[in-house]
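Please load the model in your viewer, with residue labels switched on, and follow the stops below in order. Each stop names a selection and then describes what is found there.

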Amino acid sequence: MIKKLTCIECPKGCMLSVGIKKSRVIEVSGNECPEGRTYAVSEIENPLRILTSTILAEGLDLKMVPVRTDRPIPKFKMLEAMNKIKSMRIKKSVRQGEVIAENFLALNVNLIVTREACSRSEPKF
Ligand code: SF4
């Protein structure tokens with residue numbers, strides 16, 4: 001099976017033709033540098049994504065606090081991660097960049113806040 005991918009590792013955006021057999025990359029063409037092959041292998045065999053979402057806030061000046069993982073996580077873990085995030089609440093003031101969940105889902109990534117949120121009952125930072 002041949003799959004077409006656009007390499008996103010640099011602005012050139014090479015069109016890659018990726019030969020796949022039994023979920024493994026056996027051939028890559030169209031890449032202008034070795035990064036293209038690395039990208040294709042990662043994208044086919046273990047696709048990773050930064051997770052961005054929001055966590056429900058209680059008693060803060062935001063209703064939802066935006067968060068993201070500080071590194072990409074496996075795509076197949078996205079649903080589990082979203083379900084975990086849905087169950088979480090933020091009840092105290094948080095600063096931008098603050099870690100809200102260390103080693104999130106034991107994936108060796110942290111979940112961090114991307115926008116400051118302040119408690120309505122505490123003074124602002
Ligand atoms: S294959 Fe290399 S040159 Fe082409 S888009 Fe990817 S990183 Fe850029």
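The expected span of a helix is 1.5 Å times one less than its number of residues. Keep that rule at hand for the first selection, in a model that is predicted.

**Helix H1**

Select residues 34–45, which form helix H1, and set the distance between the C-alpha atoms at its two ends beside the expected value: twelve residues should span 16 Å, and the end atoms are 17 Å apart, which agrees. Next, colour the buried residues of the helix, namely Gly36, Tyr39 and Ala40. When you look down the axis of H1, these buried residues fall within an arc of 100°, so they line one face of the helix. An α-helix has 3.6 residues a turn, so residues three or four places apart point the same way.

What do the buried residues of H1 pack against? Select strand E1 (2–6), strand E2 (15–21) and strand E3 (24–29), since these are the strands on which that buried side packs. Then turn the helix over: the face pointing away from the buried side carries Pro34 and Glu45, both exposed. Thr38, which also belongs to H1, counts as partly exposed because it has 14 C-beta neighbours inside 10 Å.

**Gly36 and the ligand**

Stay in helix H1 and centre the view on Gly36. Is Gly36 buried or exposed? With 23 other C-beta atoms within 10 Å, Gly36 is buried, the threshold for that class being 20 or more. If residues up to four places away in sequence are set aside, Gly36 touches Cys7, Glu9, Cys14, Leu16, Val28 and Asn31. A further distance to draw is the one to Thr6, which is 30 residues away in sequence and 9.0 Å away in space, C-alpha to C-alpha.

Now show the ligand, whose surroundings consist of Cys7, Glu9, Cys10, Lys12, Gly13, Cys14, Asn31, Glu32, Cys33, Glu35 and Gly36. Coloured by class, this shell has four nonpolar, three polar and four charged residues.

**The two domains**

Zoom out and colour the chain by its domain assignment, which gives domain 1 as 2–46 and domain 2 as 52–113. The C-alpha centres of these two domains lie 31 Å apart. For a distance between single residues, draw a line from Thr38 to Ile112: they are 74 residues apart in sequence, and their C-alpha atoms are 28 Å apart in space.

**The loop between E9 and E10**

Move to the loop that joins strand E9 (99–101) to strand E10 (111–113), and select Asn103 there. Although Asn103 is not a glycine, its phi is positive, at about 45°. Asn103 counts as exposed because it has 11 C-beta neighbours inside 10 Å. Ala106 is found in the loop between E9 and E10 too, and its phi is near 55°, again a positive value in a residue other than glycine. Ala106 is exposed, with 6 other C-beta atoms within 10 Å.

**After E10**

The last selection is Ser119, in the segment that follows E10. Ser119 has 17 other C-beta atoms within 10 Å and is therefore partly exposed. Leaving aside its neighbours within four places in sequence, Ser119 is in contact with Gly59, Leu60, Lys92 and Ser93. To end the tour, draw the line from Ser119 to Leu5, 114 residues apart along the chain, whose C-alpha atoms are separated by 45 Å.

How values were computed. Residues are numbered from 1 along each chain as its sequence is written. This is a predicted model: local features need pLDDT of at least 70, side-chain atom pairs count only at pLDDT 80 or more; totals for chains, interfaces and linings use all residues. A residue is near a molecule or strand if its C-beta atom, placed from the backbone, lies within 6 Å of it. Ala, Val, Leu, Ile, Met, Phe, Trp, Tyr, Cys and Pro count as nonpolar, Asp, Glu, Lys and Arg as charged, and the others, Gly among them, as polar. Domain bounds come from an automatic or database domain assignment. Helices (H or I, at least four residues) and strands (E, at least two) are DSSP runs, numbered from the N terminus. A residue is buried if 20 or more other C-beta atoms lie within 10 Å of its own, exposed if 12 or fewer, and partly exposed in between; C-beta atoms are placed from the backbone. The arc is that of the directions from the helix axis to the C-beta atoms. Two residues are in contact if their C-beta atoms, placed from the backbone, lie within 7 Å.
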